[in-house]
Amino acid sequence: MINRRKKINESPLENQERWLVSYSDFITLLFAFFVVMYAVSSVNDGKYRVLSSSLVTAFKNSSSSISESPQTTEFSPLQNEHSNQDSLIKLADNFSNQKARKQEKMKGMAKNILHALEPLVKNGQVRVTQNSLGITVEINASVLFSPGQAKLAENSILSLQAIANVIKGHEHEINVEGHTDNLPINTENFPSNWELSSARASSVIRLFIEKGVEAHRLTAIGYGENRPIESNETFEGRKRNRRVTVMILSTDPDKITEIPIAEN
């Protein structure tokens with residue numbers, strides 16, 4: 001009877017101590033959670049190694065791992081902050097220098113086109129402008145085609161070849177746009193100004209390809225009479241609207257800002 005009572009009296013004590021098991025598991029998980037939160041607050045190799053050692057210690061309850069984990073790395077938050085700042089400064093400088101080189105390269109291409117087409121530029125048949133989107137070469141249709149035709153005139157080939165010599169070998173994409181005035185056309189080959197403008201843009205592209213410009217960089221676009229730059233109410237306005245525009249696109253366009261091109 002005495003032994004039996006002793007066992008009965010000891011059982012509540014044993015039950016009261018079982019909560020320590022759950023408590024220790026909770027503390028272990030809570031420790032692991034805060035280690036993870038601390039590690040992801042600032043990503044670096046040193047913290048990852050500390051995290052790895054701490055997790056092994058928490059779940060395997062290895063005291064040796066705890067003593068070794070601080071020795072696996074020497075981490076200085078201040079040094080890491082300075083290193084990150086230096087890296088960001090170098091990255092910004094490299095980006096700025098790269099952008100400046102690209103702008104100078106585009107500016108050089110525009111100057112070369114101006115020089116190659118100087119006679120046509122002086123008499124107003126060709127206009128060359130540059131902004132952050134790229135270089136625009138506007139060529140009056142009378143320089144390239146006979147009225148109502150899309151076959152390149154013989155005397156236009158040299159002008160287009162001069163442009164091709166400048167743009168070939170570069171990585172820039174090129175859009176060739178055909179434009180007309182608003183006078184209707186209805187021929188067997190060109191039922192409307194859409195067909196005429198598209199065919200003229202395609203003719204210029206074919207010549208560029210023949211002169212060595214990569215085909216995958218070229219796009220032909222026909223706008224018809226829908227993108228006038230002058231009023232179609234006057235003869236001079238309609239003449240200006242009949243044009244082919246060669247757009248040499250920048251590789252990283254920014255906001256549109258006009259960039260002056262100084263002629264030598």
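Which residue in β2 is the bridge partner of N131? I looked this up first and found that, in β2, N131 has G134 as its bridge partner.

**Ground rules.** I noted that the model is predicted, that local features need pLDDT of at least 70 and side-chain atom pairs pLDDT 80 or more, and that totals for chains, interfaces and linings use all residues. Residues are numbered from 1 along each chain as its sequence is written, and side-chain values use heavy atoms, with hydrogens and water left out.

**Strands.** I took helices (H or I, at least four residues) and strands (E, at least two) as DSSP runs numbered from the N terminus, and I counted two strands as paired if DSSP finds at least two bridges between them. Strand β1 (residues 126-131) pairs with β2 in the antiparallel sense over 6 bridges, and a hairpin of 2 residues joins β1 to β2. I then turned to strand β5 (residues 243-249), which runs antiparallel to β2 and is joined to it by 7 bridges; here V137 has V246 as its bridge partner. With buried meaning under 20% relative accessible area (1.4 Å probe, protein chains only), I found 7 of the 7 residues of β2 (residues 134-140) buried, so this strand is largely enclosed by the rest of the structure.

**Core.** I looked next at the largest nonpolar core, a core being a set of buried Ala, Val, Leu, Ile, Met, Phe, Trp, Tyr and Cys residues joined through side-chain atoms within 4.5 Å. It has 34 residues, of which V137, L144, L160, V204 and F208 touch the most other members. The largest share of this core, 6 residues, comes from α8. Within α8, the buried residues include L160, I163, A164 and I167. Leaving out residues up to four places away in sequence, I listed the contacts of F208 (heavy atoms within 4.5 Å), and among them are L160, I163, A164, I167 and V246. After α8 comes G169, with a positive phi near 85°.

**Pocket.** Last, I checked the largest pocket, where a pocket is an open set of points on a 1 Å grid at which a 1.4 Å probe fits, with protein on both sides within 12 Å along at least five of seven lines. Its volume, the space filled by probe spheres set on the points, is about 290 Å³. Of the 16 lining residues (an atom within 4 Å of a point), P147, G148, D181, R200 and R242 are the closest to the centre. The largest share of the lining, 3 residues, comes from α9.

Definitions and conventions: Buried means under 20% relative accessible area, exposed over 50%, partly exposed in between (1.4 Å probe, protein chains only).
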